[in-house]
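Please walk through this structure with the explanation below. Keep the sequence and the 3D view at hand.

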Amino acid sequence: MNVNLQSLLYDADERYLKSGEIDTFKSYTISLSQRLETYELLRDKEIAIFQPIANGLLASFSDQQPDLERSLKNWLAVLRYCATSMLQNNPEFLERRLLEWLTDIVRVHQTQAIDSAIYKGLQKQLPQILTDKQYLLLQPFLAQAAARLVTDLAPSSR
């Protein structure tokens, strides 16, 4: 459940929700059907999203096959966790469940160039699969992941 909604319901344990609190709850529940549709589409189209990216990267990173495979697996996880975070509208879920440990793996294996290329590929592929509204729901979570896995680890930011 969304952390803000959970907190809202916890705080209203012995009282009714106030008008503003109800509006917050309504806003989340109204967007929930869009979030579910987006989640299901990402789940169902995962191969269609990643296959063109993988094919494109083979030429650029053919000499780094193990790193390429690792990065693709990592970004599959990133997209899955972004989808779950989007479903919950909870960036903390993405941060704590994935990015806290994955950032170290990317740093150790020094795959930032591959990760950057995958992220750019996702930015091209996802708008072809998702509607504009769906992409806008997912995009903040992808940007959050890219900020940690690509931008924060770039050689110029050290």
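In which loop does T131 lie? T131 lies in the loop that runs between α6 and α7. With a relative accessibility of 44%, this residue counts as partly exposed, because the partly exposed class runs between 20% and 50%. T131 and K45 are 86 residues apart along the chain, and their C-alpha atoms are separated by 13 Å.

Now take the overall view. The model is a predicted one. The protein has seven helices and zero strands. Along the sequence the pattern reads α-α-α-α-α-α-α. Along the principal axes, the C-alpha atoms fill a box of roughly 60 × 35 × 20 Å. Of the 158 residues in the protein, 41% are buried. Consider the contacts between residues at least 6 apart in sequence. Of these, 75% join residues at least 24 apart.

Next comes the interior. The largest nonpolar core has 36 residues. Within this core, W75, I118, L122, L126 and L138 touch the most other members. Which elements give two or more residues to this core? They are α3 (46-60), α4 (65-88), α5 (91-109), α6 (112-129) and α7 (132-151). L126 shows how one core residue is surrounded. Setting aside neighbours within four places in sequence, L126 is in contact with L42, I49, L79, Y135, L138 and L142.

Helix packing is the next step. Two packed helices are described by the angle between their axes and the distance between the axes. Start with α4 and α6. Their axes come within 10 Å and cross at roughly 45 degrees. Why are α4 and α6 oblique to each other? The angle of roughly 45 degrees falls outside the ranges for roughly parallel, roughly antiparallel and roughly perpendicular, so the pair counts as oblique. The crossing in which α4 passes α6 is right-handed. On the α4 side, the contact is made by D67, L68, S71, L72, W75 and L79. On the α6 side, I114, D115, I118, Y119, L122 and L126 take part. By class, this contact has nine nonpolar, one polar and two charged residues. W75, I118, L122 and L126 were named above among the core residues that touch the most other members.

D115 deserves a separate look. This residue lies in helix α6. Is D115 buried or exposed? D115 is buried, because its relative accessible area is 0% and buried means under 20%. Not counting residues up to four places away in sequence, D115 touches S71, W75, V106 and V150. From D115 to A146 the separation is 31 residues in sequence, and 8.4 Å in space from C-alpha to C-alpha.

Helix α4 also packs on α2, which spans residues 19-44. The angle here is about 160 degrees, and the axes are 8 Å apart. Angles over 145 degrees count as roughly antiparallel, so α2 and α4 are roughly antiparallel to each other. Their crossing is left-handed. From α2, the contact takes in Y28, L32, R35, L36, T38, Y39 and L42. From α4, it takes in L79, A83, T84, M86, L87 and Q88. The classes are nine nonpolar, three polar and one charged. L79 of α4 appears in this contact and also in the contact with α6.

Stay on α4 for S85. Its place is in this helix. S85 counts as buried, because its relative accessibility is 0%. Which residues does S85 contact, leaving aside neighbours within four places in sequence? They are N90, F93, L94 and F141.

Two loops complete the tour. Most residues other than glycine have a negative phi. N89 and Q110 have positive values. For N89, phi is near 55 degrees. N89 sits in the loop between α4 and α5. At 33% relative accessibility, N89 counts as partly exposed. For Q110, phi is near 50 degrees, again a positive value in a residue other than glycine. Q110 is found in the loop between α5 and α6. Q110 is exposed, because its relative accessible area is 59% and exposed means over 50%.

Note on methods
Residues are numbered from 1 along each chain as its sequence is written. This is a predicted model: local features need pLDDT of at least 70, side-chain atom pairs count only at pLDDT 80 or more; totals for chains, interfaces and linings use all residues. Side-chain values use heavy atoms; hydrogens and water are left out. A nonpolar core is a set of buried Ala, Val, Leu, Ile, Met, Phe, Trp, Tyr and Cys residues joined through side-chain atoms within 4.5 Å. Buried means under 20% relative accessible area, exposed over 50%, partly exposed in between (1.4 Å probe, protein chains only). Helices (H or I, at least four residues) and strands (E, at least two) are DSSP runs, numbered from the N terminus. Contact means heavy atoms within 4.5 Å. Axes are lines fitted to C-alpha atoms, for helices over the stretch in contact, and angles run from 0 to 180 degrees between N-to-C directions. A crossing is left-handed if the near helix is turned anticlockwise from the far one by less than a right angle, and right-handed if clockwise. Ala, Val, Leu, Ile, Met, Phe, Trp, Tyr, Cys and Pro count as nonpolar, Asp, Glu, Lys and Arg as charged, and the others, Gly among them, as polar. Angles under 35 degrees count as roughly parallel, over 145 as roughly antiparallel, 65 to 115 as roughly perpendicular and the rest as oblique.
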